[in-house]
Amino acid sequence: MAKLKFRPLHDRVVVKRIDAEEKSAGGIIIPDTAKEKPSQGQIVAVGPGGRDEAGKLVPLDVKAGDRVLVNPLNKKKGLMGEMMHGGLAEKCLVAADQLIAMPDKVTFEQAASLPVAYGTAHRMIITHNTIKKGDKVLVLGASGGVGTGCVLLAKMLGAEVISCASSEDKIQRLKDLGSDHVVNYKTTDFSKWAIGKYGKPQRRNHEGGVDVVINFTGGDTWGPTLRCVKRGGKILVCGATAGYDPKEDLRYVWSFELQIIGSNSFYDENLKALMDMIANGTMKPVIDEVLPLERAAEGLKLIEDREVFGKVVVTP
C-alpha cells in the first residue's frame with residue numbers, strides 16, 4: 001500500500017468552517033461534496049510563510065482563531081469547487097491570500113452567503129457603476145442568489161426595481177424584499193409588461209422602456225430583453241443560465257444605442273464592501289435555509305428543484 005505524502009503548509013492555512021457553505025442556483029449541481037466552495041470559519045493551523053524574491057521567509061499575517069471569510073477564487077489555480085477541491089467539509093486548506101477578516105458584527109452565516117452570488121452582483125452594479133438613483137431596473141431571475149443581491153443593491157441606490165420570478169410565493173417574497181413591481185414570467189411576458197407600463201422605447205428620443213435590464217439568464221429571454229430597453233439603456237450580463245448562444249437581433253443594439261455590459265466574477269474588495277454593508281446595517285443577505293453538513297444533499301436538491309429564495313447555508 002502506497003504511503004500518503006503530506007505537503008507542508010508553507011503559505012497556506014487550514015480553516016475550520018463554523019457556519020460553512022454557500023449555495024447558489026448558478027452552479028452547485030455536482031454531488032461530489034469534496035468539490036464545493038468554502039466560505040468562512042476560524043483558522044486552526046497556519047503555515048510558516050512564503051519566500052520573497054531574495055528567498056527570505058515572510059511570515060503570514062494571520063493566526064489561529066481569526067474569524068475569516070474565504071474568497072473561493074484561488075489566485076493561482078482558479079475557483080475552488082471548479083478547478084480544485086472546495087470546502088464542503090469540516091476543514092479546508094486554502095492559500096493565505098484568500099482570507100478576508102470578518103467584522104465582529106457579521107455572522108458566519110451572513111459571510112457564508114456572499115461568495116459567489118452577492119460578490120458577483122456587487123461587482124456588476126457597484127464596481128461598474130451601472131445603476132443610478134431613479135433608474136427603472138428590471139431583474140430577471142430575481143429570486144436566486146445573484147438576483148436577490150441585485151434587488152437589494154439596486155434599491156439601496158434608489159432605483160425603481162421590477163423583479164421577475166416564476167412562482168407566486170417568490171413573487172410575494174420579492175415584494176417583501178422591497179421590489180416596487182413584480183412579474184411572474186411564467187404567466188406574463190416581462191417585455192410586454194414593461195412596454196405596457198413605461199411605453200414602447202423610441203429611437204429618436206429617450207422615452208419609453210426601462211433604463212436597465214439585468215439578464216444573467218440568456219436563452220429565450222434575450223430577444224424580449226432587447227425590445228424593452230430604452231434608447232441608451234443598459235443590459236447587464238454576468239452569466240447565461242438558460243443558454244449562452246441566443247438568437248440575436250443587432251438592429252436593436254444600434255438603433256437604440258444599447259449598452260451591453262459584461263461583468264465577470266468578484267474580488268476581495270467586493271466581499272469586503274458587502275461585509276461592511278452588513279456590519280453597518282445597510283444590507284442583510286437573504287438566507288432561505290440553514291442546514292447541517294449531513295443534510296447538504298437536501299440543499300443541493302432544493303437548488304436543483306428551483307425551490308430556493310436567496311441562499312442556502314450549510315453548517316458543519
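User: In this predicted model, which residues make the nonpolar surface patch of about 210 Å²?
Analyst: Patch members need over 30% relative accessible area and no salt bridge, and nonpolar side chains are joined within 5 Å. The patch of about 210 Å² is made by I126, M156 and L157.

User: Why does L157 count as partly exposed, and where is L157 found?
Analyst: Buried means under 20% relative accessible area and exposed means over 50%, with partly exposed in between. L157 has 30% relative accessibility, so it counts as partly exposed. As for its place in the chain, L157 is found in the loop between helix 3 (145-156) and strand 12 (160-165).

User: How many helices and strands does the chain have, and what percentage of its residues count as buried?
Analyst: The chain has 9 helices and 18 strands. The cut-off for buried is under 20% relative accessible area. Of the 316 residues, the share that counts as buried is 50%.

User: What share of the exposed area do carbon and sulfur atoms supply?
Analyst: The area that the chain exposes is about 15,700 Å². Of this, carbon and sulfur atoms supply 51%.

User: Over residues 1-6 and 19-35, how many contacts does the model have beyond near neighbours in sequence?
Analyst: The chain averages a pLDDT of 86, and 82% of the residues score at least 70. Residues 1-6 stay under 50, and the model gives them 0 contacts beyond four places in sequence. Residues 19-35 are also below 50 in pLDDT, but for this stretch the number of contacts beyond near neighbours is 57.

Definitions and conventions:
Residues are numbered from 1 along each chain as its sequence is written. This is a predicted model: local features need pLDDT of at least 70, side-chain atom pairs count only at pLDDT 80 or more; totals for chains, interfaces and linings use all residues. Side-chain values use heavy atoms; hydrogens and water are left out. Patches are made of residues with over 30% relative accessible area and no salt bridge: like charges are joined within 9 Å, nonpolar side chains (Val, Leu, Ile, Met, Phe, Trp, Tyr) within 5 Å. Accessible areas come from the Shrake-Rupley method with a 1.4 Å probe; for residues, only the protein chains shown count as cover. A salt bridge is a side-chain nitrogen of Lys or Arg within 4 Å of a carboxyl oxygen of Asp or Glu. Helices (H or I, at least four residues) and strands (E, at least two) are DSSP runs, numbered from the N terminus. Buried means under 20% relative accessible area, exposed over 50%, partly exposed in between (1.4 Å probe, protein chains only). pLDDT is the predictor's confidence in each residue, from 0 to 100. Contact means heavy atoms within 4.5 Å.
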